[in-house]
4 protein chains.
Amino acid sequence: MRNFEHLQSACYEANMQLPALGLVVYTFGNVSVVDRELELFAIKPSGVPYESLRAEDIVVVDFDNNVVSGQMRPSSDTKTHAFLYKHWTHIGGICHTHSTYAVSWAQAQRDIPNFGTTHADHLTPDIPCAPPMSDELIQGDYEYNTGQQILDCFEEKGLSYREVEMVLLGNHGPFTWGKDAAKAVYNSKVLEEIARMAYLTLQINPQAARLKPALIQKHYERKHGKDAYYGQ
Amino acid sequence: MRNFEHLQSACYEANMQLPALGLVVYTFGNVSVVDRELELFAIKPSGVPYESLRAEDIVVVDFDNNVVSGQMRPSSDTKTHAFLYKHWTHIGGICHTHSTYAVSWAQAQRDIPNFGTTHADHLTPDIPCAPPMSDELIQGDYEYNTGQQILDCFEEKGLSYREVEMVLLGNHGPFTWGKDAAKAVYNSKVLEEIARMAYLTLQINPQAARLKPALIQKHYERKHGKDAYYGQ
Amino acid sequence: MRNFEHLQSACYEANMQLPALGLVVYTFGNVSVVDRELELFAIKPSGVPYESLRAEDIVVVDFDNNVVSGQMRPSSDTKTHAFLYKHWTHIGGICHTHSTYAVSWAQAQRDIPNFGTTHADHLTPDIPCAPPMSDELIQGDYEYNTGQQILDCFEEKGLSYREVEMVLLGNHGPFTWGKDAAKAVYNSKVLEEIARMAYLTLQINPQAARLKPALIQKHYERKHGKDAYYGQ
Amino acid sequence: MRNFEHLQSACYEANMQLPALGLVVYTFGNVSVVDRELELFAIKPSGVPYESLRAEDIVVVDFDNNVVSGQMRPSSDTKTHAFLYKHWTHIGGICHTHSTYAVSWAQAQRDIPNFGTTHADHLTPDIPCAPPMSDELIQGDYEYNTGQQILDCFEEKGLSYREVEMVLLGNHGPFTWGKDAAKAVYNSKVLEEIARMAYLTLQINPQAARLKPALIQKHYERKHGKDAYYGQ
């Protein structure tokens with residue numbers, strides 16, 4: 001039997017960030033991390049509370065959802081992760097939570113408007129909220145179709161998953177991703193902060209306007225553009 | 001004198017979860033745990049702050065509210081617990097708190113709409129808010145009648161206590177229950193999170209709609225249906 | 001020189017509860033405790049952050065605001081405390097904070113409606129908000145007049161300081177009191193929780209109604225009436 | 001090479017207050033501290049998370065943005081700090097955060113009204129929100145122009161930087177300053193509290209009025225006037 005300790009350990013560390021960052025209670029979330037060479041990913045087991053989770057509980061799965069290593073059943077959202085890894089070849093980690101403010105926007109079925117530089121430091125468009133899927137898709141292969149729902153939303157809105165690393169699923173909650181699991185978790189925390197500030201902004205000024213395009217561009221480019229000068 | 005250490009200890013542990021989960025301050029809550037064979041339950045003593053509560057302070061009471069063991073007076077809500085244990089034969093623990101968001105919905109006298117999958121993962125209907133009881137019942141055997149108020153609410157709305165493990169008492173606050181005390185406390189925390197998200201959802205979109213029935217069914221069934229595949 | 005260590009220690013302990021309970025940042029609050037026989041009270045020194053406060057810094061003052069013991073200047077609110085101790089002969093401790101939700105109601109210049117049993121467990125009327133005083137009184141002996149402002153508010157509304165142990169000063173913040181300093185601090189925390197829940201209640205239902213009188217009476221009496229059965 | 005340990009250490013300590021006070025997550029903020037004799041200031045390096053920041057990482061820069069000491073790239077906001085130190089000769093420290101409530105007012109593009117004595121204890125006018133700058137200025141030397149944006153706002157509103165030690169940048173967030181770095185950080189925390197209370201005040205009473213001038217003057221003067229009697 002192959003040894004996946006390194007993958008399990010990375011996945012475990014990323015999962016344990018979720019309660020530390022205040023993004024989950026009980027079992028309300030999961031993080032996965034992929035090995036592109038092996039075409040396998042490690043993911044949290046289903047329904048295990050964070051307090052009792054151990055690195056050796058992490059399950060290793062292939063892109064067709066077959067368990068390759070591990071005694072436990074993988075997250076019930078595993079097919080969604082597999083779908084995204086298969087279709088989006090540049091992502092290294094995926095994170096799903098039920099964090100308070102992101103879920104509230106998802107339940108309100110509204111995109112989160114780009115109201116400020118905190119948002120523009122991370123992405124230029126509004127944070128998309130995918131509409132709930134049709135009854136047929138829900139009653140079919142639900143978690144696989146959730147992956148399709150995300151892809152459809154990005155295609156319809158003309159978004160790139162390499163620039164926009166987060167989405168809200170209508171009436172459900174957020175999925176985020178990134179070059180590795182740590183970045184996926186970082187994006188979940190950032191999304192939660194942006195969602196909270198955008199909510200408060202609308203309470204203080206219901207007519208609040210989006211950030212002007214020049215300022216969006218400036219903040220995004222200084223962090224992510226070819227002449228970026230943010231960071232080391 | 002009989003030894004109820006095991007029952008007291010389970011009750012104590014469940015009670016101490018309440019401040020740890022941010023659900024109570026001072027003495028604003030109580031948890032009980034029942035022994036169905038003995039027809040007795042253990043409950044927090046009245047008015048004792050969580051900081052100074054000890055396992056040996058836990059009081060053991062029969063279904064007619066007689067103290068069977070313990071030096072202290074049991075919770076002032078004891079008759080409500082006894083009533084529910086007597087009428088609902090499948091519950092093993094009961095929890096009452098004055099947690100912020102659940103109380104706010106109770107004070108607003110509104111059922112909490114099923115806005116998302118976090119809610120549907122736990123129950124399919126809206127979380128019921130029982131209307132305040134009549135003046136006669138308040139001035140009568142108030143805590144006993146509070147149990148009746150809960151039963152009447154479930155009957156009127158056609159709810160099953162085995163599927164819906166939580167209720168709001170109008171102008172008062174939440175009661176939750178479950179197969180044991182830990183599940184009752186879990187339900188109090190989940191209720192608080194759902195109440196908070198539902199409040200925020202309505203602030204972001206006052207016209208927010210309930211989750212579509214297919215999605216409610218899907219999420220509830222994957223956790224609780226006969227073909228459930230959530231958890232281990 | 002007389003030894004006031006016991007009084008200083010009680011005052012210090014009560015003051016240190018304020019940051020522990022999340023009611024203050026920096027220097028935004030003060031607690032005093034009175035010795036009725038000596039006609040003296042101990043109070044926090046002015047402008048000293050809680051992190052560096054020591055029991056020996058606590059200042060002892062008489063009812064005419066003269067420092068009897070201590071090297072530091074007493075709280076700038078000392079005259080308000082002295083005024084209340086002189087006029088309200090049954091109180092043993094006074095607490096003043098700028099806690100978030102209580103201040104917000106004070107800034108909104110609104111009484112906090114009695115929306116639920118959490119409120120009724122502690123007092124039956126709405127929590128009064130005293131209107132800001134006249135310019136002459138502000139420009140006169142401001143802190144002394146603040147005491148008068150509280151007394152006038154209670155007289156005008158027909159309230160008893162022995163039943164209602166809290167007040168909001170319009171555009172300023174809360175004062176609370178009680179039989180001792182610990183009770184005064186308890187009342188500040190309870191007020192903050194009630195203020196938060198009342199705010200949320202109005203957000204969820206702007207037409208939310210006060211608790212019905214029978215329920216107010218029931219909850220208040222079971223804790224404070226002559227046949228009270230709450231607590232030990 | 002000169003030794004700037006003292007300056008780096010003061011800067012490091014002030015920066016580490018930001019996560020401790022709940023004002024930043026990840027890398028969302030920076031504090032600088034100036035040495036007026038040397039005409040140099042120490043500032044946080046760009047994009048370094050607070051968890052891994054060390055005192056020796058702090059960069060020392062002159063007023064023309066040249067790095068004088070340090071291996072790392074200074075904060076991307078360095079030119080704004082330099083601009084303010086050059087133009088406002090009495091400030092000793094500057095702090096920038098993306099704290100939740102201050103950012104929300106900035107995104108709403110509203111000045112924060114002076115609603116109460118917590119505000120008046122620190123400044124008499126509303127907290128100014130500078131309008132977003134023109135596209136030319138954004139596309140030019142953005143961070144330098146941000147300094148100009150702040151100066152223009154103060155000139156237009158007739159404010160003194162020695163009395164008003166805080167500003168909101170429209171659609172961005174707060175900058176605060178003070179006689180040293182600790183005071184600049186203190187002002188960021190105070191601003192966040194005032195911003196939160198002002199938001200809640202408007203939710204409770206959308207017609208809430210500013211504090212009356214006599215009360216503003218009284219509270220400001222007792223802390224900052226020539227006959228101030230607050231503090232030691």
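How many residues does the contact take from chain C, and how many from chain B? Some notes on that pair, bearing in mind that this is a predicted model.

1. To start with the count: 35 residues come from chain C and 34 residues from chain B. Put together, the two chains bury about 3100 Å², with 54% of that on carbon and sulfur atoms. If you want to look at particular side chains, try C:M197, C:I204 and C:Q232, which supply 22% of the area that chain C buries against chain B, more than any other three residues.

2. On symmetry, chain C goes onto chain B with a rotation of 90° and 0.0 Å of shift along the axis, at an RMSD of 0.0 Å. The two copies are thus related as by a four-fold rotation axis. C:Q203 is the residue of chain C that comes closest to that axis, its C-alpha lying at 5.6 Å.

3. Do the copies meet through the same surface or through different surfaces? Different ones, because only 6% of the interface residues of chain C are also interface residues in chain B.

4. Now the polar side of things. There are 3 salt bridges between chain C and chain B. One of them joins the side chains of C:K212 and B:D135, at 3.2 Å from N to O. Polar contacts across this interface come to 23 residue pairs, both residues at pLDDT 80 or more.

5. As for what chain C brings to chain B, α4 (117–120), α7 (181–204) and α8 (213–224) each supply at least two residues. The largest share, 13 residues, is from α7(C). By class, this side of chain C has 18 nonpolar, 10 polar and 7 charged residues.

Key:
Residues are numbered from 1 along each chain as its sequence is written. Chains are lettered from A and ligands numbered from 1 in the order in which they are written. This is a predicted model: local features need pLDDT of at least 70, side-chain atom pairs count only at pLDDT 80 or more; totals for chains, interfaces and linings use all residues. Side-chain values use heavy atoms; hydrogens and water are left out. Copies are superposed by least squares on the C-alpha atoms of residues with pLDDT of at least 70 in both. Contact means heavy atoms within 4.5 Å. Buried area is the accessible area (1.4 Å probe) that two parts lose on being put together, summed over both. A salt bridge is a side-chain nitrogen of Lys or Arg within 4 Å of a carboxyl oxygen of Asp or Glu. A polar contact is a pair of N or O atoms within 3.5 Å; within protein, one must be able to donate a hydrogen and the other to accept it, and residues adjacent in sequence count only if both atoms are side-chain atoms. Helices (H or I, at least four residues) and strands (E, at least two) are DSSP runs, numbered from the N terminus. Ala, Val, Leu, Ile, Met, Phe, Trp, Tyr, Cys and Pro count as nonpolar, Asp, Glu, Lys and Arg as charged, and the others, Gly among them, as polar.
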